[in-house]
Amino acid sequence: VSALLVPIAEIAAGSDYQILPNVPQLASDIRGDVVLLTSIACITFAYFSFFDAPLRRSMADEESGSDSPALGVAGAGSGVML
């Protein structure tokens with residue numbers, strides 16, 4: 001998916017947006033690719049902020065009743081480094 005964003009970001013980089021052009025002390029501009037990537041980051045943050053799916057690893061740990069964080073690993077909990 002990120003490879004598909006490269007040409008879109010390249011096209012968006014050709015446009016500039018003025019920020020507060022009527023206030024000389026705060027007047028600035030921002031490129032279109034920055035706007036694109038910032039909006040993608042904000043949408044991703046909003047999506048995962050409300051993401052509440054059950055975690056399969058946590059469900060498996062609860063079913064087994066084990067407190068060991070490394071289930072199914074040889075030597076887990078024995079104090080032996082492999």
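Reader: What counts as a helix or a strand here, and how many of each does the chain have?

Author: Helices are DSSP runs of H or I with at least four residues, and strands are DSSP runs of E with at least two. In this predicted model, the chain has three helices and two strands by that definition. Read from the N terminus, the elements follow the order α-β-β-α-α.

Reader: What makes the arrangement of α1 and α2 oblique?

Author: Two packed helices are described by the angle between their axes and the distance between the axes. Here the axes of helix α1 (residues 2–12) and helix α2 (residues 32–49) cross at roughly 135° and come within 6 Å. Angles over 145 degrees count as roughly antiparallel, and those from 65 to 115 as roughly perpendicular. The crossing angle of roughly 135° falls in neither range, and α1 and α2 are therefore oblique to each other. The crossing of α1 past α2 is right-handed.

Reader: Which residues bring α1 and α2 together, and of what kinds are they?

Author: From α1, Leu-5, Ile-8, Ala-9 and Ala-12 meet Gly-32, Asp-33, Leu-36 and Ile-40 of α2. The residues of this contact comprise six nonpolar, one polar and one charged. Gly counts as polar and Asp as charged in this scheme.

Reader: Why is Asp-33 called buried?

Author: Asp-33 belongs to helix α2. The limit for a buried residue is a relative accessible area under 20%; Asp-33 has 13% and is therefore buried. Apart from neighbours within four places in sequence, Asp-33 is in contact with Ala-9, Ala-12 and Ala-13. In the chain of 82 residues, buried residues make up 7%.

Reader: Why is Phe-51 classed as partly exposed?

Author: Partly exposed lies between the buried limit of 20% and the exposed limit of 50%. Phe-51 has a relative accessible area of 45%, so the residue is partly exposed.

Reader: How many aromatic pairs are there, and what makes the pair of Tyr-47 and Phe-51 tilted?

Author: The count comes to three aromatic pairs. In the pair of Tyr-47 and Phe-51, the ring centres lie 5.8 Å apart and the planes make an angle of 40°. The distance satisfies the 6.5 Å limit for a pair, and the angle is neither under 30 degrees, as stacked would require, nor over 60, as edge-to-face would require; the pair is therefore tilted. Ring pairs also join Tyr-47, Phe-48 and Phe-51 into a cluster.

Reader: What share of the contacts with a separation of 6 or more comes from residues 24 or more positions apart?

Author: Such residues account for 10% of those contacts in the chain.

Methods. Residues are numbered from 1 along each chain as its sequence is written. This is a predicted model: local features need pLDDT of at least 70, side-chain atom pairs count only at pLDDT 80 or more; totals for chains, interfaces and linings use all residues. Side-chain values use heavy atoms; hydrogens and water are left out. Axes are lines fitted to C-alpha atoms, for helices over the stretch in contact, and angles run from 0 to 180 degrees between N-to-C directions. Angles under 35 degrees count as roughly parallel, over 145 as roughly antiparallel, 65 to 115 as roughly perpendicular and the rest as oblique. A crossing is left-handed if the near helix is turned anticlockwise from the far one by less than a right angle, and right-handed if clockwise. Contact means heavy atoms within 4.5 Å. Buried means under 20% relative accessible area, exposed over 50%, partly exposed in between (1.4 Å probe, protein chains only). Rings of Phe, Tyr and Trp (its six-membered ring) pair if their centres lie within 6.5 Å; planes under 30 degrees apart count as stacked, over 60 as edge-to-face and the rest as tilted.
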